[in-house]
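Reader: I would like to learn how to read a model of this kind feature by feature, with the general idea placed before the particular case. Could we go through it together?

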Amino acid sequence: INAEYMGNPENDMWRSLFQQRCCRVVRDEAAFVRSIGSQGTGDGNFSLPSDVCVDHEDRLVIADQNNHRVQVLRRDGTFVRKFGSRGAANGQFDTPTAVCVNSAGHIIVTDCCH
């Protein structure tokens with residue numbers, strides 16, 4: 001388990017799981033609720049999701065480490081948008097490992113290898 005987020009009315013806890021290439025929701029003493037995502041490079045697919053947080057619009061923001069991007073999904077797993085690609089230029093990543101959203105709603109990404 002690489003990351004967790006709690007703090008919503010349902011007491012859901014979101015966990016990003018490296019080896020399963022998905023994010024899971026658990027509730028109340030870690031009872032499994034559902035999983036979103038699967039292995040791949042398409043929208044809503046992951047290759048080593050390393051961190052997850054929730055933005056001000058109650059959407060998931062997920063660091064998709066080996067796809068070198070960040071994805072934003074609704075809580076039901078519906079794809080909203082993505083940004084980033086592999087590289088060293090502005091807007092590109094090389095192994096994004098952590099994400100958070102600041103009080104202004106900006107997504108902040110920790111990029112391991114830049």
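Author: What follows takes up the sheet, the cysteines, an aromatic pair and some loop residues in turn. Please keep in mind throughout that this is a predicted model.

Reader: Let us begin with the sheet; in what order do the four strands lie, and is the pairing parallel or antiparallel?

Author: As a general idea, strands of a sheet pair through backbone hydrogen bonds, and they do so either parallel or antiparallel. In this model four strands form an open sheet in the order 5-6-7-8, and the pairing is antiparallel. Strand 5 and strand 8 stand at the edges with a single partner strand each, so that one side of each has no neighbour in the sheet. From one strand to the next, the twist averages 20 degrees.

Reader: How many bridges join strand 7 to strand 8, and which residue of strand 8 stands opposite Gln-71?

Author: Strand 7 and strand 8 run antiparallel and are joined by four bridges, and the residue of strand 8 that stands opposite Gln-71 is Lys-82.

Reader: Turning to the cysteines, how many disulfides are counted?

Author: A disulfide is a covalent bond between the sulfur atoms of two cysteines. The count here comes to zero disulfides. For Cys-113, which is in no disulfide, the nearest cysteine sulfur is that of Cys-112, 3.7 Å away, whereas the cut-off for a disulfide is 2.5 Å. At 43% relative accessibility, Cys-113 is partly exposed.

Reader: Why does Cys-53 form no bond with Cys-100?

Author: The reason is distance, because the sulfur of Cys-53 lies 6.4 Å from the closest cysteine sulfur, in Cys-100, which is too far for a bond. Cys-53 is also buried, with a relative accessible area of 9%.

Reader: How should I read the aromatic contacts, and how many aromatic pairs are counted?

Author: One reads such a contact from the distance between ring centres and the angle between ring planes. There is one aromatic pair by this rule. Phe-83 and Phe-93 form it, with 6.3 Å from centre to centre and 55 degrees between the planes, and the pair is tilted. Phe-83 belongs to strand 8 (residues 79-83), while Phe-93 sits in the loop between strand 8 and strand 9 (96-101), ten residues apart, so the pair links distant parts of the chain.

Reader: Are these two rings buried or exposed?

Author: Phe-93 counts as buried at 10% relative accessibility, whereas Phe-83 is partly exposed, with a relative accessible area of 24%.

Reader: Which residues other than glycine have a positive phi?

Author: Among them are Asp-58, whose phi is about 65 degrees, and Thr-95, whose phi is near 75 degrees. Asp-58 is placed in the loop between strand 5 and strand 6 (60-64) and is partly exposed, with a relative accessible area of 38%. Thr-95 is found in the loop between strand 8 and strand 9, and its relative accessible area of 13% makes it buried.

Reader: With which side chain does Arg-75 make a polar contact?

Author: The side chain of Arg-75 makes a polar contact of 2.8 Å with the side chain of Asp-58. Arg-75 lies in the loop between strand 7 (69-73) and strand 8, and it counts as buried at 12% relative accessibility.

Reader: Where does Ser-38 lie, and what contact joins its side chain to that of Asn-45?

Author: Ser-38 lies in the loop between strand 4 (31-36) and strand 5 (49-54), and a polar contact of 3.0 Å joins its side chain to that of Asn-45. Ser-38 is partly exposed, at 36% relative accessibility.

Notes: Residues are numbered from 1 along each chain as its sequence is written. This is a predicted model: local features need pLDDT of at least 70, side-chain atom pairs count only at pLDDT 80 or more; totals for chains, interfaces and linings use all residues. Side-chain values use heavy atoms; hydrogens and water are left out. Rings of Phe, Tyr and Trp (its six-membered ring) pair if their centres lie within 6.5 Å; planes under 30 degrees apart count as stacked, over 60 as edge-to-face and the rest as tilted. Helices (H or I, at least four residues) and strands (E, at least two) are DSSP runs, numbered from the N terminus. Buried means under 20% relative accessible area, exposed over 50%, partly exposed in between (1.4 Å probe, protein chains only). A polar contact is a pair of N or O atoms within 3.5 Å; within protein, one must be able to donate a hydrogen and the other to accept it, and residues adjacent in sequence count only if both atoms are side-chain atoms. Two strands pair if DSSP finds at least two bridges between them. Axes are lines fitted to C-alpha atoms, for helices over the stretch in contact, and angles run from 0 to 180 degrees between N-to-C directions.
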